[in-house]
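Here's a structure to explore together. Take a moment to look it over, and then we'll walk through it piece by piece.

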Amino acid sequence: MIEDIKVTGAKYFDPAIVISVSGLAVGDEVTLPGGDVFAKAINRLWQQKLFSAVNIYITKLEGRAIWIEIVA
C-alpha cells in the first residue's frame, strides 16, 4: 500500500496536481515486483507534454507499505 507520495523537480506545478494526474494515491494497493501501476502513472504524466522526463522511485519499503517519490 502506498503510504506517502513526494513530488520533486516539478518547479512550476503544484505537487497535488502532479499526483492527481499520475493517478496514484496514498492508500492504493500495488504489487511488487510486477504490475504496471508505475508505468501507467509515468505515461499519464508524459501524455500531458509538460515534462521531458518522469521517474518514480520507491524511497522506503516496510512490509507491505511503500513510500514513493515522483521526479518530474
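We'll begin with the sheet, move on to the helices and finish with some side chains.

Keep in mind that this is a predicted model. At its heart for our tour is an open sheet of three strands, in the order 1-3-2, with mixed pairing. Strand 1 (2-8) and strand 2 (55-62) are the edge strands, and each of them pairs on one side only. On average, neighbouring strands are turned by 20 degrees against each other, ignoring direction. Have a look at strand 2 and strand 3 (residues 65-71): they run antiparallel and are joined by seven bridges. In this pairing, I56 stands opposite I70 in strand 3.

Now for the helices. Helix 1 (residues 15-22) packs on the sheet, where it touches strand 1 and strand 3. Helix 2 (residues 37-47) packs on the sheet too, but it touches strand 2 and strand 3. Its direction makes about 145 degrees with that of strand 2.

On to the side chains. Those of opposite charge can pair when their charged atoms come close. Here the count comes to three salt bridges. One of them links E29 and R64, at 2.9 Å from N to O. E29 lies in the loop between helix 1 and helix 2, and R64 in the loop between strand 2 and strand 3, so the pair ties together parts that are 35 residues apart in sequence. R64 counts as exposed, at 66% relative accessibility, while E29 is partly exposed at 48%.

Finally, find K60. Its side chain meets that of E62 in a salt bridge (3.3 Å, N to O), and the charged end of K60 also sits over the ring of W67, 4.5 Å from its centre.

How values were computed. Residues numbered from 1 in each chain as written. Predicted model: local features only at pLDDT ≥ 70, side-chain atom pairs only at ≥ 80, totals over all residues. Heavy atoms only, no water. Lys NZ or Arg CZ within 6 Å of the ring centre and 35° of its normal. Pairing = 2+ DSSP bridges. Helix = DSSP H or I, 4+ residues; strand = E, 2+ residues; numbered from the N terminus. Axes fitted to C-alpha atoms, helices over the stretch in contact; angles between N-to-C directions. Contact = heavy atoms within 4.5 Å. Salt bridge = Lys/Arg side-chain N within 4 Å of Asp/Glu carboxyl O. Buried < 20%, exposed > 50% of the residue type's maximum accessible area, 1.4 Å probe, protein only.
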